[in-house]
Amino acid sequence: MNKNSIKDIVLAVTYKCNSRCGFCNIWQKKEDFSCQPSDYKKLPHNLENVNISGGEPFLRDDLLEIIKVVSRQSPKAKITISTNGFLPSKIKETMQRVVRFRKNIGLAVSLDGFGRVHEELRGFPGGYCLAVETIRLLKELGIKDLKIAFTLGDNNINQLKKVYRLSKELGVEFSLAVYHNSAHYFQKEDNQIVNIRKIRRELNWLIEEELKSFSPKRWFRAYFTWALIEFLETNQRVLPDYSGLNSLFIDPTGSIYPSDVWGLEIGYLQRMSKANDWNEFSQRTRDIIISNQSPANWMICTARQAMKKHWFVVFQWILRKKFYFPIKNKHSKKKLSLFLKRISSLF
Ligand code: SF4
C-alpha cells in the first residue's frame, strides 16, 4: 500500500542569487555544494506540485537537466519555476528548450513594485525592465502558465494595485506572499510587518477584484488573501498546517525540511536509495512532525494542501462572499444558510 502522502515539494536548487533583496539574505550564503540533477531521480513519483526555486534557479547551468529529471520523475506534477526575471536572454534560451519536451510548465516572475521601487527592494538597478522583458519573452514562447509573484511588506503596500493592474495588462496571473522569516532558508529572522491596517485595506480591495472574476482559481486566491489578513492580524492560520505530512522543502544540499520556514531537518535526499523510500520516509517522519510545532506561517506552499483538504470550508467562504453578501433580504439569507448546511451534511 502506498503510504507516501507527500504531494507538494519546493526544491531550492541553488542559493546563488543575483538579487540583493532587503527581506532575504540567501544571496549572502556561501554555497559549497548542490544536489546534482541525478539526485532528483529520487523524488517521489506521485507529486502534484513541484516549485523549482532558489536563490535564482536560472543561475544553474544545468537547470535544463534538472527540469528534465523532475519532469520524468513526477510526470503528473505541475512544475512552476520561481525567478526574479533578471536574466531574460538566459531564461528565454533555457525555456525554449524546455517547451520542446514539457509544454505545461509555469513560471512565477517576482515583481514587488513599479520601476525604482522594485529595483530598490530587490537591490538590482534596472531590474524592473528586465523582469517585464522576461514576462514578454515567455509569452512569446507560448508559455501560458505565467504569473507575477508580488511579495508584500510595509514598504510596497501602495504598489499592490499598480502591479495587480499590470498583471492584467500583461495577461498574466497575480500571486501574493508576505515577508516570512526563516533561519535555514531566507537566512533572515527580523522581517516584520507593522502597518496591518493599511495592508488590510489593500488586501480587501484585492479580494473584491478576484471575486469579481469568473475564474474559480482566482476565487481560491481571494480566500488565500483573506486568510493572509487573518494571519497578519492574529499570527494564526485559519486552516491547519500539513507541512512535513503533505508538503516538503528540499534545500540545494538535499536536506529535507517540512517547509521553508520550519528548520526541522527530517531527511536527506541523497540518502534515499530509490523513489519508493518515500513510503517509509512518510511513516518514519509522521510522528516527529506531529510532536513538533510548526512556526506560524501562511504561504501558498503550505496553504495549498490545507485548502484542498478543507475545500468545503473554502467553498463555503467563496459562496458567502461572492453570492451571499449581495442578498439583502433576511429570508433569502436564511434559505441560503439552510441550503449550505444541507450540502455540508452530505460530506
Ligand atoms: S528573495 Fe529571491 S531573489 Fe531575493 S535574494 Fe532571496 S532568493 Fe534572491
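## Cores, strand pairing and ligand shell

The largest nonpolar core holds 76 residues, and within this core the residues with the most contacts are Ile-9, Ile-52 and Phe-150. The contribution of helix 7 (residues 216-234), nine residues, is the most that is given to this core. Apart from this core lies another one, made of six residues, which include Cys-21, Cys-24, Ile-26 and Leu-121. In soluble globular proteins, nonpolar side chains tend to be buried together. The model described here is a predicted one, and the statements that follow should be read accordingly.

Ile-52 can serve as an example of the contacts: residues up to four places away in sequence being left aside, Ile-52 touches Leu-11, Val-13, Pro-57, Ile-66, Ile-67, Val-70, Ile-79 and Ile-81.

The strands offer a second view of the fold. Strand 5 (residues 146-152) and strand 6 run parallel and are joined by six bridges, and Ala-149 has Ser-175 of strand 6 as its bridge partner. Between these two strands the chain passes through helix 5 (residues 160-170), forming a β-α-β crossover that is right-handed. Strand 6 (residues 173-178) has two faces, of which the covered one consists of Phe-174, Leu-176 and Val-178, while Glu-173, Ser-175 and Ala-177 make up the uncovered one. Ser-175, the bridge partner of Ala-149, thus belongs to the uncovered face.

Around the ligand stand Cys-17, Ser-19, Cys-21, Cys-24, Ile-26, Trp-27, Gly-54, Gly-55, Glu-56 and Asn-84. By character, this shell divides into five nonpolar residues, four polar ones and one charged residue. Cys-21, Cys-24 and Ile-26 are named both in this shell and in the core of six residues.

The backbone also deserves attention. Most residues other than glycine have a negative phi, and most peptide bonds are trans. The peptide bond from Gly-54 to Gly-55 is cis, with omega near 15°, and both of these residues are part of the shell around the ligand. Gly-55 is placed in the loop between strand 2 (49-53) and helix 1 (63-73). Two residues that are not glycine have a positive phi, as set out below.

| Residue | Phi | Loop between | Other C-beta atoms within 10 Å |
|---|---|---|---|
| Gln-187 | about 60° | strand 6 and helix 6 (196-212) | 15 |
| Asn-235 | near 60° | helix 7 and strand 7 (247-250) | 11 |

Gln-187, with 15 other C-beta atoms within 10 Å, is partly exposed, whereas Asn-235, with 11 such atoms, is exposed.

Methods
Residues are numbered from 1 along each chain as its sequence is written. This is a predicted model: local features need pLDDT of at least 70, side-chain atom pairs count only at pLDDT 80 or more; totals for chains, interfaces and linings use all residues. A nonpolar core is a set of buried Ala, Val, Leu, Ile, Met, Phe, Trp, Tyr and Cys residues joined through C-beta atoms within 7 Å. A residue is buried if 20 or more other C-beta atoms lie within 10 Å of its own, exposed if 12 or fewer, and partly exposed in between; C-beta atoms are placed from the backbone. Helices (H or I, at least four residues) and strands (E, at least two) are DSSP runs, numbered from the N terminus. Two residues are in contact if their C-beta atoms, placed from the backbone, lie within 7 Å. Two strands pair if DSSP finds at least two bridges between them. A crossover is right-handed if, with the strands pointing away from the viewer, the path from the first strand over the helix to the second runs clockwise. A residue is near a molecule or strand if its C-beta atom, placed from the backbone, lies within 6 Å of it. Ala, Val, Leu, Ile, Met, Phe, Trp, Tyr, Cys and Pro count as nonpolar, Asp, Glu, Lys and Arg as charged, and the others, Gly among them, as polar.
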